[in-house]
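Open the model in your viewer and keep the sequence panel visible. The tour below goes from one selection to the next.

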Amino acid sequence: MTEKVSAQTSAIADYTRDELIDSLCFVIPKNYSLARADAITAVDHQLGFRRVTDTVTNEIKSAINGAIRREILAYEGELIWRVT
């Protein structure tokens, strides 16, 4: 699950939720917490996008929430970290 997902498309909508979650796991090292906004920026850049748009932000936020529901990520306030 910590495999790097490379930019294969120019549209965030072309990435599946699982690919976005994999990207989150790649940019957030184990035993390290990151602010949600920083995680969004890190995933955005890791996927090869040049700027963080509202669409990208919303898709990655949704992936963060999905990862929290699946207990892949945990959170406290604005900080998130990997559980698995």
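**Stop 1: Leu34 and its contacts**

Select Leu34 and show what surrounds it: setting aside residues up to four places away in sequence, Leu34 touches Val27, Ile28, Ala39, Glu78, Leu79 and Ile80. Keep in mind that this is a predicted model. Leu34 belongs to strand 1, residues 33–35. Now pick the C-alpha atoms of Leu34 and Ile80; they are 5.5 Å apart, although the two positions lie 46 residues apart along the chain. Is Leu34 buried or exposed? Leu34 has a relative accessible area of 13%, and because the cut-off for buried is under 20%, Leu34 counts as buried.

**Stop 2: the nonpolar core**

Next, select Ile12, Leu24, Ile28, Leu47, Ile60, Ile64 and Leu73. In the largest nonpolar core, which has 23 residues, these touch the most other members. Colour helix 1 (17–27), helix 2 (36–46) and helix 3 (54–69): each of them supplies at least two residues of this core. Which helix gives the most to this core? Helix 3 does, with six residues.

Stay with Leu24 and display its contacts. Apart from neighbours within four places in sequence, Leu24 is in contact with Ala39, Val43, Ile60, Ala63, Ile64 and Leu73.

**Stop 3: rings**

The structure holds one aromatic pair. To see it, select Tyr15 and Phe49, which meet edge-to-face, with 6.3 Å from centre to centre and 75° between the planes. Tyr15 is in the segment before helix 1 and Phe49 is in the loop between helix 2 and helix 3, so the pair ties together parts that are 34 residues apart in sequence. Both ring residues can be checked for burial: Tyr15 is buried at 7% relative accessibility, and Phe49 is buried at 13%.

Then move to Tyr75 and add Arg36. The charged end of Arg36 sits over the ring of Tyr75, 5.1 Å from the ring centre.

**Stop 4: two positive phi angles**

Most residues other than glycine have a negative phi. Select Asn31, in the loop between helix 1 and strand 1. Asn31 is not a glycine, yet its phi is positive, about 60°. Asn31 is exposed, at 79% relative accessibility.

Last, go to Glu71, in the loop between helix 3 and strand 2 (73–76). What is the phi of Glu71 near? The phi of Glu71 is near 65°, a positive value in a residue other than glycine. Glu71 counts as exposed, with 58% relative accessibility.

Methods:
Residues numbered from 1 in each chain as written. Predicted model: local features only at pLDDT ≥ 70, side-chain atom pairs only at ≥ 80, totals over all residues. Heavy atoms only, no water. Core = buried A, V, L, I, M, F, W, Y, C linked by side-chain atoms within 4.5 Å. Buried < 20%, exposed > 50% of the residue type's maximum accessible area, 1.4 Å probe, protein only. Helix = DSSP H or I, 4+ residues; strand = E, 2+ residues; numbered from the N terminus. Contact = heavy atoms within 4.5 Å. Phe/Tyr/Trp six-rings, centres within 6.5 Å; stacked < 30°, edge-to-face > 60°. Lys NZ or Arg CZ within 6 Å of the ring centre and 35° of its normal.
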